Each structure stands twice: as C-alpha cells, then as structure tokens.
Amino acid sequence: MKKKLLSLVLVSAMATSMVACGSGAATTENGSTGSAPAATEGEAGGHKLTLWAWDESFNIPAMQAAAEDYKEVDPEFELEIITQSQSSDVENAITNAGQSGDFSNLADITLFQDHYFQQFCVNYPDAWVSVDDAGVDWNGLGAEKLSYSTVDGVHYGFPVDAGTAIMAYNTEYLAAAGYTLDDVQNITWDEFIEIGKKVKEATGKYLLCMDGSGNDFFYMMCQAEGVSQWKDGQPYVTENQTLVDIFTVQAKMAQEGVLYLANDWGDYTDQAIVGDMVAGVYNGNWIIPTIKKVESNAGKWEIVPAPTLTGKPGYASNGGSSLYITSNCQNTELAKAFLAYTFGGGSAADGTSLTYDNALLNGGVIGTCAAAAKSDVYQAGVDYFNGQAIYADIVAYTQNVPVIEQNDYHYTLREKLSNHLISVVNGEEDIDAALAAAEQETVFAMQE
C-alpha cells in the first residue's frame with residue numbers, strides 16, 4: 001500500500017565534483033565575505049564552531065539543518081558556516097596547511113569529498129582528529145559510505161549525503177514498448193540491451209545515457225558486482241574479467257543504440273535527460289533534481305536497483321562527501337558531540353531527525369542513516385515518482401552497497417576508460433587493445 005503522499009519541495013542540486021558550486025570569495029552564513037577561506041578560532045569549552053562547506057543549494061542547507069537540530073541539546077550552540085566556492089578550495093587549504101605545518105587557519109570542521117579523503121589523510125595525518133570516541137553507533141550509517149572516512153580502522157568522518165545510485169525508468173516509455181517496471185527488475189545487462197532495443201524502436205528514446213568523457217558506469221557497474229577496478233593499489237583492468245565484461249556490455253549498448261554517450265556533462269544533463277532523449281537514468285541519487293526538471297514527465301518515473309551481469313539486484317554509489325574535525329579545532333568535544341548527534345544519527349533514535357528531514361526538504365540531501373529514514377518525510381510518497389517513497393528506498397539501497405577497494409586515481413582511470421570506450425564504439429580500437437591502453441596510461445599517470 002502506498003504511503004500518504006506528501007508534497008516535498010526540494011531545491012534542485014547536484015553534488016558532484018564536476019560542477020563548481022558558486023564562485024568568488026568565501027562567504028559566511030550571514031553573507032559577509034573574506035579574501036581567503038580562513039576560519040574563526042574556536043574557544044575551548046565554548047558553544048561555537050566554525051565549518052567549511054560548499055554549494056549553497058545543497059550542502060549548506062544540510063549544515064544549517066544540523067545546527068538547528070543541535071540547539072535542542074545546547075540552546076547556546078552557534079555554527080558559523082563559511083561557504084567555499086567549490087570543494088577544491090578546501091583541498092587547497094588543507095594542502096597549504098599540511099605543507100607548512102600550520103593548521104591555524106583551518107575551520108573547526110570541514111566538508112570533504114569522499115573519493116579524495118584517504119589521500120589527504122595519508123599525506124597530512126596531522127590535519128585530522130580521530131572520532132572513534134564520539135559515541136556513535138556506526139552500524140546503519142552505510143558500510144560502503146564509511147569506508148571512505150575510515151583509515152587503518154580509525155573513523156575520521158561523519159557521512160553527509162549518500163551517493164547511492166538509482167536506476168530510474170520512465171514507465172510510460174517502457175509501456176510503449178510493452179514493458180512494465182517488473183520487467184526491468186532482477187535482469188541481466190544482456191536482457192537490458194534487448195529491452196532497450198525495443199524501447200528505441202517504439203519510442204525513439206535511448207534506454208540509458210552517460211557523459212562519454214566522464215563515464216561513471218564502469219565504476220558503478222563493477223561495484224554492483226562487488227568488484228573493484230583496483231587491486232593492491234594498482235589498476236585492475238586487463239586481468240579483471242568482470243571489468244572486461246562490463247566494458248564489452250557498454251560498447252554493445254552504445255553500438256546498438258541503447259546507450260547514448262553524451263559529448264560532455266552539459267550534453268548529458270541538458271540534452272539527454274532534460275531534453276527527454278532517454279527512458280532511463282543510472283547515476284548517484286543527486287541526479288534526481290535533473291530528472292525532475294522535465295515537469296511533463298511527473299508521475300511517470302520510478303526507481304529500482306540496477307541490472308547486473310548475473311541478474312541479481314545491483315547496488316552502487318557515486319559521489320558524496322563527509323564531515324571531518326580538523327586539528328585546529330579548540331573544542332573537539334563539542335565538535336564530536338555536535339556531529340554525533342546530527343549526522344552521526346544520535347537524534348534519530350525515535351525514527352525522526354531534524355538534521356536529516358530538513359536537509360532533505362531544504363537541500364535535497366539524502367542521508368545515510370537507516371534510523372532517520374523511518375521518519376514521515378523519508379517514508380512519504382513522491383508525486384513525481386508515481387507516489388514511490390524513493391528517499392526511504394534509497395537509504396535502504398545504501399545499506400546494501402558493497403565495500404570495494406578505492407584509489408586516489410579513481411578519476412584518472414575513469415577518464416582513460418571513457419576515452420577508449422569511445423574509440424571502440426567508433427571502430428578505432430578493439431576491446432583488448434583499448435583496455436590494455438587504459439591500464440597502461442593510468443599506471444603511467446600514477447608514476448608522474
């Protein structure tokens with residue numbers, strides 16, 4: 001039975017490292033500006049913390065929601081949010097502090113991209129504070145999500161947004177080809193291709209699309225199989241039969257008109273998705289606001305787990321960030337308590353959380369906490385997705401995403417595989433040569 005439908009007005013946002021969120025100097029929550037991303041020094045034993053984050057339509061509302069939530073515990077609590085123009089501002093500040101050995105200009109807490117944290121933790125270990133003693137029940141926060149912020153068994157971060165992937169379908173286009181949503185669940189990628197060919201014939205729509213220059217399908221499809229593109233710190237490509245099979249499937253999808261490989265990110269979002277060229281979208285859940293821009297398709301979309309090579313339900317993740325306490329924090333006990341109560345799920349014991357609820361309502365941020373997803377906000381049906389309680393479903397998917405080996409050169413390998421897939425689709429390379437070249441080019445880049 002469908003839950004009672006609630007009208008969730010979410011601010012459109014995409015949390016990807018590929019999009020610069022705003023520009024110019026750093027700004028504080030009250031709108032003042034500064035020439036550098038400096039922080040106000042905290043006072044030990046006080047009630048104030050400073051925090052760096054980027055994206056005023058996505059991450060910042062989530063931080064504001066957490067600050068309001070923690071005032072239920074500490075009415076005097078104050079969080080000064082210093083907005084950065086983009087994630088690289090934080091990375092540059094940590095690099096400069098680590099190289100100089102002077103951490104005094106860092107905020108007490110900072111948002112940091114998941115895929116980059118382990119590299120920065122290893123390179124600048126003195127920049128971060130362990131949060132193992134924060135009193136958090138880490139169970140139910142998503143093991144895969146926590147794997148990014150856990151180094152040598154030590155927890156350093158608190159998860160903010162789940163990058164959990166969704167496989168979304170336009171059911172009207174499926175129906176035009178004689179299919180229902182049941183027909184695209186628990187299927188193999190080969191079966192997906194056959195369905196896609198019939199959808200293309202009936203509607204003229206591709207069943208899938210991806211940015212050809214930044215193809216995230218390799219990573220997500222491998223993770224859904226429980227397999228990494230890395231092994232012992234090195235690219236795992238030519239000897240990785242799973243990746244070979246996935247590369248072969250993608251080439252076949254593109255060659256048979258099932259997969260549209262866009263020229264760039266704008267072509268992917270604006271032409272393929274918003275331009276209504278596709279009957280399906282597979283990416284991190286941050287793609288939802290882009291899907292919803294096509295108002296005429298309201299009520300026609302639904303989400304399910306992705307296909308896999310074997311037909312089991314496919315769970316993966318793509319993107320996301322977490323919060324970390326820096327060594328400049330003068331009141332680490334307050335910082336730990338604040339983060340444990342909010343993004344650590346401490347306020348969600350009764351199945352509700354102002355942090356998670358308001359972050360979703362005001363910024364479109366879908367958290368990872370299984371307990372928080374029991375709230376009315378998460379359990380509500382979403383009109384655009386035919387009344388499906390997609391936010392609760394996404395959190396449930398999060399708990400099933402396999403933990404796989406990560407690497408600091410994640411985006412380098414993505415670029416190489418993307419380029420060589422285009423070459424294969426264009427008939428310029430065979431698959432074996434393409435995979436060998438992608439592997440060799442990544443190894444070379446890692447040695448520079």
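## The chain at a glance

Welcome to this structure, whose secondary structure comes to 16 helices and 16 strands. Please keep in mind that this is a predicted model. The chain has 448 residues, and buried residues make up 59% of them. Its accessible surface comes to about 17,100 Å², with 45% of that belonging to carbon and sulfur atoms.

How do contacts run along the sequence? Taking contacts between residues at least 6 apart in sequence, 76% join residues that are at least 24 apart.

## A core between two domains

Let us turn to the inside. The largest nonpolar core holds 145 residues, and Trp128, Phe192 and Tyr282 are the ones with the most contacts inside it. Helix H8 gives the largest share of this core, eight residues. Where does the core lie with respect to domain 1 and domain 2? Residues come from both domain 1 (48-163 + 319-374) and domain 2 (165-316 + 402-446), so the core lies between them.

## A look at helix H8

Helix H8 covers residues 241-255, which makes 15 residues. From its first C-alpha to its last, H8 reaches 21 Å, close to the 21 Å expected at 1.5 Å a residue. Just after H8 comes Gly257, which has a positive phi near 80°.

Which residues of H8 are buried? They are Thr242, Leu243, Val244, Ile246, Phe247, Val249, Gln250, Ala251, Met253 and Ala254. Their cover includes four helices and two strands by name: helices H6 (189-203), H7 (217-224), H15 (410-425) and H16 (431-447), along with strands E10 (208-211) and E13 (259-262).

## Pro61 and a distant partner

Helix H1 (residues 59-70) contains a proline, Pro61. Is Pro61 buried or exposed? Its relative accessibility is 9%, so Pro61 counts as buried, the cut-off being under 20%.

Pro61 also shows how parts of the chain that are distant in sequence can meet. Pro61 and Gly363 are 302 residues apart in sequence, while their C-alpha atoms are 5.4 Å apart in space. Leaving aside residues up to four places away in sequence, Pro61 touches Asp55, Glu56, Asn362 and Gly363.

## Cysteines

How many disulfides does the model have? The count comes to zero, where a disulfide would need a pair of cysteine sulfur atoms within 2.5 Å. Two cysteines can be looked up in the model: Cys121 is buried, with a relative accessible area of 5%, and Cys369 counts as buried at 7% relative accessibility.

Key
Residues are numbered from 1 along each chain as its sequence is written. This is a predicted model: local features need pLDDT of at least 70, side-chain atom pairs count only at pLDDT 80 or more; totals for chains, interfaces and linings use all residues. Side-chain values use heavy atoms; hydrogens and water are left out. Buried means under 20% relative accessible area, exposed over 50%, partly exposed in between (1.4 Å probe, protein chains only). Contact means heavy atoms within 4.5 Å. Accessible areas come from the Shrake-Rupley method with a 1.4 Å probe; for residues, only the protein chains shown count as cover. The expected span of a helix is 1.5 Å times one less than its number of residues. A nonpolar core is a set of buried Ala, Val, Leu, Ile, Met, Phe, Trp, Tyr and Cys residues joined through side-chain atoms within 4.5 Å. Domain bounds come from an automatic or database domain assignment.
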